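Hi,

Here is the structure I promised to pass on. Have a look at it first, and then read on for what turned up.

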Amino acid sequence: MSVESLKTSNIVNGDSNFSNGHTKKPCRIYVGYDPREDVAYEVCRYSIMKRSSIPVEIIPIKQSELREKNYFWRERGKLESTEFSFTRFLTPFLAGYEGWAMFVDCDFLYLGDIKELFDLIDDKYAVMCVQHDYTPKETTKMDGAVQTVYPRKNWSSMVLYNCGHPKNKVLTPEVVNKESGAFLHRFQWLEDHEIGSVPFVWNFLVGHNRVEKGDPNSYPKAIHYTLGGPWFEAWKDCEFGDLWLNELEECEIAKKVEKLE
């Protein structure tokens, strides 16, 4: 698989140690990619790099490349709203079943330093994520995709994977290509105690989570436009849409500067 890797240039004192004693290697972040949402991927990537104080390696999970490598071959189902609905679960495999790696949907905007998230890593868990109790009221999302309701919804949209954990070696291409959405999105290859929790601010669901006045712990560190973001015409005026549009403007300016250098 060809890999688009980008390391941050804003490394503080060149130190990439985590408070939990983890490696100095760049944090691997796999981002779900869909051609319809290329601009969302670019802004997500830019927002991570802009605020990260540690080296990161950002890798888009592109279904077309996975098919070329014969890592992914299942047919797309009618309820799959993006190309990475299932490919996300190949993260441990793509990471060589070694160390920790993160998967995140492309419809995120990062407002916090990713180091703070990786500092939460605890090796006793196979995965760590925001454990939402979320039942959407809408019947459609994004550009008309069907909204589905199931237990542990949105848990799989941002996951820290302990790729070397024995249980995650279950996630082979063969399993990811044949298992049901319920098995994968509900983490049914794991026991409950093997799933660690992350504060909701790292997967702040627009339209569901709320900022509490006077409570800085409720302010989002990563905004998730799960119903649809400003890159879709119908969601131009969504909550926090102005933050994403400002980030897009910055991202585009940064690209132009890179071309001139």
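A polar contact here is a pair of N or O atoms within 3.5 Å, where one must be able to donate a hydrogen and the other to accept it. Keep in mind that this is a predicted model.

With that cut-off in hand, start at Ser-52, which sits in the loop between helix H1 (38–51) and strand E2 (56–61). Its side chain reaches the backbone oxygen of Ile-54 at 2.7 Å, so the pair falls within the 3.5 Å limit for a polar contact. Ser-52 is also buried, with a relative accessible area of 0%.

Asn-177 is another polar side chain worth a click. You'll find Asn-177 in helix H5 (residues 173–178), and it counts as buried because its relative accessibility is 7%, under the 20% cut-off. What does its side chain meet? A polar atom of the Asn-177 side chain lies 3.1 Å from the backbone oxygen of Tyr-71, and one lies 3.0 Å from the backbone nitrogen of Arg-74. Leaving aside neighbours within four places in sequence, the contacts of Asn-177 are Tyr-71, Phe-72, Trp-73 and Arg-74.

Arg-74 turns up again with the rings: Arg-74 lies over the face of Phe-86, at 3.7 Å from the ring centre. Lys-62 does something of the kind with Tyr-33, lying over the ring face at 4.8 Å from the centre.

On to the aromatics. How many aromatic pairs does the structure hold? There are 14 of them. One is Tyr-33 with Tyr-41, an edge-to-face pair at 5.5 Å centre to centre and 80° between the planes. Both Tyr-33 and Tyr-41 are buried. Phe-187 and Trp-189 also form an edge-to-face pair, with 5.5 Å between the centres and 80° between the planes. Are those two buried or exposed? Phe-187 is buried, at a relative accessible area of 0%, and Trp-189 counts as buried because its relative accessibility is 6%. Phe-187 and Trp-189 belong to one aromatic cluster together with Phe-89, Trp-155 and Phe-183.

Phe-187 leads into the core, too. The largest nonpolar core has 71 residues, and those touching the most other members are Met-102, Tyr-110, Ile-114, Met-158 and Phe-187. Helix H1 gives the most to this core, with six residues. If you want one residue to centre your view on, try Met-102: not counting residues up to four places away in sequence, Met-102 touches Arg-28, Ile-29, Tyr-30, Thr-91, Tyr-110, Ile-114, Leu-117, Phe-118, Met-158, Val-159 and Leu-160.

Tyr-110 is a handy link to the last item, a sheet. Three strands form an open sheet with mixed pairing, in the order E4-E11-E10. Strand E4 (108–110) and strand E10 (204–205) are the edge strands, each pairing on one side only. E4 and strand E11 (residues 222–224) run antiparallel and are joined by three bridges. Which residue in E11 is the bridge partner of Tyr-110? That is Ala-222. So Tyr-110 is part of a bridge in this sheet and is also among the residues touching the most other members of the core.

Cheers

Terms used. Residues numbered from 1 in each chain as written. Predicted model: local features only at pLDDT ≥ 70, side-chain atom pairs only at ≥ 80, totals over all residues. Heavy atoms only, no water. Pairing = 2+ DSSP bridges. Helix = DSSP H or I, 4+ residues; strand = E, 2+ residues; numbered from the N terminus. Phe/Tyr/Trp six-rings, centres within 6.5 Å; stacked < 30°, edge-to-face > 60°. Buried < 20%, exposed > 50% of the residue type's maximum accessible area, 1.4 Å probe, protein only. Lys NZ or Arg CZ within 6 Å of the ring centre and 35° of its normal. Contact = heavy atoms within 4.5 Å. Core = buried A, V, L, I, M, F, W, Y, C linked by side-chain atoms within 4.5 Å.
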